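Work through the following exercises with the sequence and the 3D structure beside you. Try each task before you read its solution.

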Amino acid sequence: MRVEPMGPVLAAIANLFGAGLLGGGGWLAVSFAHGALSDAETTVDAVVFGAVALFGALVAYVGLGTLLHNRERRRSTRRLATQGVDGAAEVIAIGPEEITPDGLSTQHALRLRVTSPGFEPFEASSTEPDIHFPGLVVGSRLAVVVHPPSREFTLHRADPVC
């Protein structure tokens, strides 16, 4: 599995965002659920309060998911930094060109064979924007850092050709 590294500053910002969603959504859910159960004068008020409470619960759930995702991504980054070994990834297949989700550039699905001394080679897939690795062709070699037991790896963007 490919890991996009997350540094401590980005982790702090992302966790602050996740905590804000969790706290704000939780407060919204609890306060409007209380309003739906005790302060609503009509059925319409209760339904509207209940709908806002459900929306708040959804926002809190997204915040919790953000915190959990960031925690796992940061753990993977630290694991690669402390236990990772240098290796190479050979591009064995390139998928068709696609537009990135932001619509501003293109990307390709890559099939990679990851190798390094000390573990069995394995194949992995990754979708990369063309701007990260311009001019890739089948047979190109990319520098990687691999955590052999989990098969997590990260690609180096600076100079893709080993």
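**Exercise 1.** Decide whether Y61 is buried or exposed, and find which residues make a nonpolar surface patch with Y61.

*Solution.* The model is a predicted one, and the relative accessible area computed from it for Y61 is 61%. A residue counts as exposed when this value is over 50%, so Y61 is exposed. Next, locate the residue along the chain: Y61 is found in helix 2, which covers residues 43–83. Finally, look at the surface around it, where F55, L58 and V62 make, together with Y61, a nonpolar patch of about 450 Å².

**Exercise 2.** Classify Q107 and E98 as buried, partly exposed or exposed, and state which residues each of them touches beyond its neighbours in sequence.

*Solution.* Begin with Q107, which lies in strand 3 (residues 106–115). Its relative accessibility is 11%, and because buried means under 20%, Q107 counts as buried. Leaving aside neighbours within four places in sequence, Q107 is in contact with P96, E97, E98, I99, T100, P101, T127, E128, P129 and D130.

Now turn to E98, which belongs to strand 2 (residues 98–99). With a relative accessible area of 35%, E98 is partly exposed, since this class lies between the limits of 20% and 50%. When residues up to four places away in sequence are not counted, E98 touches S105, T106 and Q107, and Q107 in turn has E98 among its contacts. As a last step, consider a residue far along the chain: E4 is 94 residues from E98 in sequence, and their C-alpha atoms are 20 Å apart in space.

**Exercise 3.** Explain why strand 5 is described as largely enclosed, and find which strands pair with strand 5 in the antiparallel sense.

*Solution.* Strand 5 covers residues 141–147, and six of these seven residues are buried, so the strand is largely enclosed by the rest of the structure. Then take its partners in turn. Strand 1 (residues 85–94) runs antiparallel to strand 5 and is joined to it by six bridges; within this pairing, E90 has R141 of strand 5 as its bridge partner. Strand 6 (residues 152–155) also pairs with strand 5 in the antiparallel sense, over four bridges, and here the bridge partner of V145 is T154 in strand 6. To finish, follow the chain from strand 5 to strand 6: the two strands form a hairpin with four residues between them, and R151 in the turn has a positive phi of about 60 degrees.

Notes:
Residues are numbered from 1 along each chain as its sequence is written. This is a predicted model: local features need pLDDT of at least 70, side-chain atom pairs count only at pLDDT 80 or more; totals for chains, interfaces and linings use all residues. Side-chain values use heavy atoms; hydrogens and water are left out. Patches are made of residues with over 30% relative accessible area and no salt bridge: like charges are joined within 9 Å, nonpolar side chains (Val, Leu, Ile, Met, Phe, Trp, Tyr) within 5 Å. Accessible areas come from the Shrake-Rupley method with a 1.4 Å probe; for residues, only the protein chains shown count as cover. A salt bridge is a side-chain nitrogen of Lys or Arg within 4 Å of a carboxyl oxygen of Asp or Glu. Buried means under 20% relative accessible area, exposed over 50%, partly exposed in between (1.4 Å probe, protein chains only). Contact means heavy atoms within 4.5 Å. Two strands pair if DSSP finds at least two bridges between them.
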